[in-house]
Amino acid sequence: MAATINMSDSERSSPNDQSVSSRSSNRSLRVAEKERRKNEAEDPFVLALKYFSDVEAGTPVYGNDDFERNLVLVEKVAYSRGLPPEAISIMLEFAMSLRMGSAPCVRVLKCLIPATVVPQEAVVRAVVWLGVGKIPISTQVLFIKWVLTVFDMIDAKDQLRAIYGFIFSYVTEENLCPYICHLLYLLTRKESGKQPFLLHLLSLYKVFCPELVTLSIPSRMRSGFRNHISPWKSALIAVQKRNGSQIASSMGLAFTTMDKTSSRKRVQKSAPTDQSSGRKMVPLVQLHSFAELLENMHRIELPAQMGSLLGSSLALQYLDCVQDESALLRLNFWLGYTLHEEFLFCGDGGATQNSEEALQFLNKLLSAHHFLQEGFSSSEAFLYKFLSVWDGSLLRPQILGLLSNIPVVPSSQIGRLLFEPLMQLFFTSSLFFKCGLMECLNSMLLKWLTWHSVYALEDDLDISLNTSCLRLEHKQTVNLANMTLSGFKDSVMELVRFVGRLASVGLQIEGCHSLFLSFVLDFYETVCDTFLKYGLPLVVMPPSGVFYPALLATDPISVDRLAYIMHRYKVNLTSAKAQEKQTKQAFHISRQTFHEFNHYVVVMVSCLWNSKMFQPGLDVQLGEELLLKSNVPQYWTSFDLIHHPAFMSYAVDFHQKCWPGKKDMDLSSIKHSKPWSWYLEYLFNQGYDGLKQFAQSNISRQLTAGDGQGDTQQR
């Protein structure tokens, strides 16, 4: 019984204990919450924001210690880690409402450095405050500058676009006009382009609504909107780096890709609608495959940050397929602005101070060029200016890559725009820069020639050599890129001659370095086939400053490549000569070109085959007395295929294989009839096809035995 009573007491006490424990837990939570609120209430930054939120209108500024103390605290937080969205709203409302007059406005606006995003409502309320009419014009300008700086950090744009007309009304204000136009440019969409105004904005309107804009607008303008000197730029970049985030800003390099910008755009639940057609628009960032791109091709909305297109293959495919003029216009404006401001006028936080980001940006730009197989006009304009201040080492591979994508430049301008700055860089830079520039110019020439060959054959284009334009058979006249055939030939000829001058002097400066010579020969392998391979009626021979260093090179590959180049020159000249006899419209080859070619062939045959180096009539001549003092036996054979420094090791190896028992090595014995034929075959079997093709096209029969030098007949 006692046990039963005790058990009952225990059972009765268990719920009581649980109730006490629950009450104790709730009390702990209340105490913790109370402590948190107390700490938050005592947080100086929170108290400072509360001060600016509750301060009454008309409160004096001067002599107000509370104001100074709280503003200094807000500034300290802003410049160290940035302001949260609610702080941005409070401080912006305080500044634009003029509760303490206009004196503190500038200081407050300059410390509005967002840590994450900017609330759209705060910006809209601030824009509305502009209509009060009491804010000084300088403060209004500073506010619009701030909006432009943080535009891509504003969490949404729909309400701002809703007051498009209200913002547009400030265009008439002379001081605000440049900044308002820039803001409208960022806000403008197809349904907004119904009123014409300043040039850059008009160019976008003309694409959307050409019937409303009858003005003639240049296809190329120097740049988009210039960089309005921003007091937030360096501080914003510093805060973003300190927070470990990369929020794309139109005032800096937009290194973010589509993936980085898409997170902010996907929070919008309702898709925009094209009001002019009633079609539901699909943001490009919501597409993830080429099939989705094709399905929504004609109702795609591009992102506000055009720089993000460079990091998306789908966006580039869209640009390539649709040829959206508005997208290309926006991208060119943004790209031109970014390149100029971050590389030419880079002040605080520019690309030169962020080499890793600049490298990433230029690599994306190069990838876009390669994907589209053409460059952007804005990058071309940037390069013309950048070359004059470039040191040749900053981001060299990327700059040379962009340079190789430059389209054909008129011969009247190519010297000033390209040759003069490149020549200064070439003669004052290292061997590796010289090699890189040669590769760049060769790539540029290849793209020019490819452009010509493609457009010459596309759509049955009939290229007449007696006319100044390209004519279609269906009686439509076109002038591709404003470049006539004659003008294109002049530009190519200027480029080839310029490279010839650089190569000649460069080989002297670098002591005929084999690496540099290799890049030079790469270029002339392109030049020698301009007629047959690319259909361009032009033949330009290499200068003697290139020919002789290659002929007398110490490595056999360079000599073999020179032989191949001369062989291709002969094939092109023979074909052109045959065409000249068949048709009246074939281009005329000057006698000087044939004379230069024949002279080079005679020199090569005399040097390599006939053992007649340093003979009268050749370019390389030394005095007889000097040659005798050198004590070189049979000096005239010093550069034939046996004694040439590039081939002597092959001659020694061949001699040992032919006469293994001979103790004395007499290389001249190879010049006899049968050994000479065997030796040539031995060389050709080593992979020197250039020498083989040159011999087959320029020598009628092999050297025969005679006085040790032999005889040769040229075709």
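**Close-up views of a predicted model**

**View 1. A nonpolar patch on the surface of the predicted model.** Met423, Phe427, Val505 and Ile509 form this surface patch, which together offers about 300 Å² of accessible area. The elements that each contribute two or more residues to the patch are α20 (411–427) and α22 (485–509). Met423, placed in helix α20, is partly exposed, with a relative accessible area of 30%.

**View 2. The largest nonpolar core and a second, separate one.** The largest core holds 133 residues, and those with the most contacts inside it are Leu418, Met566, Trp609 and Tyr679. Helix α21 (residues 431–457) supplies the largest share of this core, eleven residues. A second, separate core of 70 residues includes Phe52, Leu92, Ile144 and Phe151.

**View 3. The salt bridge between Glu93 and Arg125.** The closest N and O atoms of this pair are 2.8 Å apart, and the pair links helix α4 (residues 85–97), which holds Glu93, to helix α6 (residues 120–129), which holds Arg125, across 32 residues. Glu93 is buried, with a relative accessible area of 17%, whereas Arg125 is partly exposed at 46%.

**View 4. Two salt bridges that involve helix α25.** The side chains of Glu525 and Arg561 meet at 3.1 Å, N to O; because Glu525 lies in helix α23 (residues 514–527) and Arg561 in helix α25 (residues 556–582), the pair ties together parts that are 36 residues apart in sequence. Arg568 forms a salt bridge with Asp529, with the closest N and O atoms 2.9 Å apart, and this pair links helix α25 to the loop between α23 and α24 (544–551), 39 residues apart. Both Arg568 and Asp529 are buried.

Technical notes:
Residues are numbered from 1 along each chain as its sequence is written. This is a predicted model: local features need pLDDT of at least 70, side-chain atom pairs count only at pLDDT 80 or more; totals for chains, interfaces and linings use all residues. Side-chain values use heavy atoms; hydrogens and water are left out. Patches are made of residues with over 30% relative accessible area and no salt bridge: like charges are joined within 9 Å, nonpolar side chains (Val, Leu, Ile, Met, Phe, Trp, Tyr) within 5 Å. Accessible areas come from the Shrake-Rupley method with a 1.4 Å probe; for residues, only the protein chains shown count as cover. A salt bridge is a side-chain nitrogen of Lys or Arg within 4 Å of a carboxyl oxygen of Asp or Glu. Helices (H or I, at least four residues) and strands (E, at least two) are DSSP runs, numbered from the N terminus. Buried means under 20% relative accessible area, exposed over 50%, partly exposed in between (1.4 Å probe, protein chains only). A nonpolar core is a set of buried Ala, Val, Leu, Ile, Met, Phe, Trp, Tyr and Cys residues joined through side-chain atoms within 4.5 Å.
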